[in-house]
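Student: Please take a close look at the largest nonpolar core of this chain. Which residues have the most contacts inside it, and which elements give residues to it?

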Amino acid sequence: MRVIGMGDTVILLALDPSIVNTGYAILHPDGSVYASGGIRTRTQTKGLQERIHYLQSNLSVLIAPYRPQEIVIELPPSFSYGRSGGMNQASIQKLNLVTGAFIGMFAHLNGLHLVLPEQRKGKRGNRADRLMNPKATTNDEADAIELGRWWLRIGRQLMEKGARE
């Protein structure tokens, strides 16, 4: 399938990983959204490995027409490692495994960037993300869109500034 109107534009894929519902957004450099959504796994019927494979397979199919050259993935928040974040150890382990699986998918790209949530100063909550992105159907999708737009506006410049210092 050929996507019309993309030309030589560098396409960004933003991911908000989760073992239950991974949000994704495919963005143009100006912040407009080519495609976005959530990939939901069925928690009752699939084991952990099958769910991770399901997420990877579905993401591959969804992004294939866009061929993103730059990927930004939100890492699990560092506060979650100290039980105060509301996540138990099993949840943290699952989130780390799915995040690692996505990193593995794109490790060959020079344009792979990993972002901690606390790096996104002023990040709005999911309700505000959904209000800002009315077409988003889930909080995960809205967060992926907001992550991508943050990266395009601020994150890339912060990374480049840090590399020069």
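Tutor: What follows describes that core, after a short outline of the chain around it. The model is predicted.

The chain has four helices and five strands, and their order along the sequence is β-β-β-α-β-α-β-α-α. Of its 165 residues, 42% count as buried. Contacts between residues at least 6 apart in sequence join residues at least 24 apart in 61% of cases.

The largest nonpolar core comprises 22 residues. Leu 13, Leu 15, Ile 26, Leu 59, Phe 102 and Phe 106 are those with the most contacts inside it. Two or more residues each come from the strands β1 (12-16), β2 (21-27), β3 (33-40) and β4 (70-74), and from the helices α1 (48-63) and α2 (89-106). Helix α2 gives the largest share, six residues.

Leu 15 can serve as a point of reference. Beyond its neighbours within four places in sequence, Leu 15 is in contact with Thr 22, Gly 23 and Tyr 24, with Leu 59, and with Val 72, Ile 73 and Glu 74. Its list of contacts also includes Phe 102, Phe 106 and Leu 147. Of these partners, Leu 59, Phe 102 and Phe 106 are again among the residues with the most contacts inside the core.

Another core, of twelve residues, lies apart from the largest one. Its members include Leu 12, Ala 14, Ile 145 and Leu 152.

As for the surface, the chain exposes about 9,300 Å², of which carbon and sulfur atoms supply 53%.

Technical notes:
Residues are numbered from 1 along each chain as its sequence is written. This is a predicted model: local features need pLDDT of at least 70, side-chain atom pairs count only at pLDDT 80 or more; totals for chains, interfaces and linings use all residues. Side-chain values use heavy atoms; hydrogens and water are left out. A nonpolar core is a set of buried Ala, Val, Leu, Ile, Met, Phe, Trp, Tyr and Cys residues joined through side-chain atoms within 4.5 Å. Buried means under 20% relative accessible area, exposed over 50%, partly exposed in between (1.4 Å probe, protein chains only). Contact means heavy atoms within 4.5 Å. Accessible areas come from the Shrake-Rupley method with a 1.4 Å probe; for residues, only the protein chains shown count as cover.
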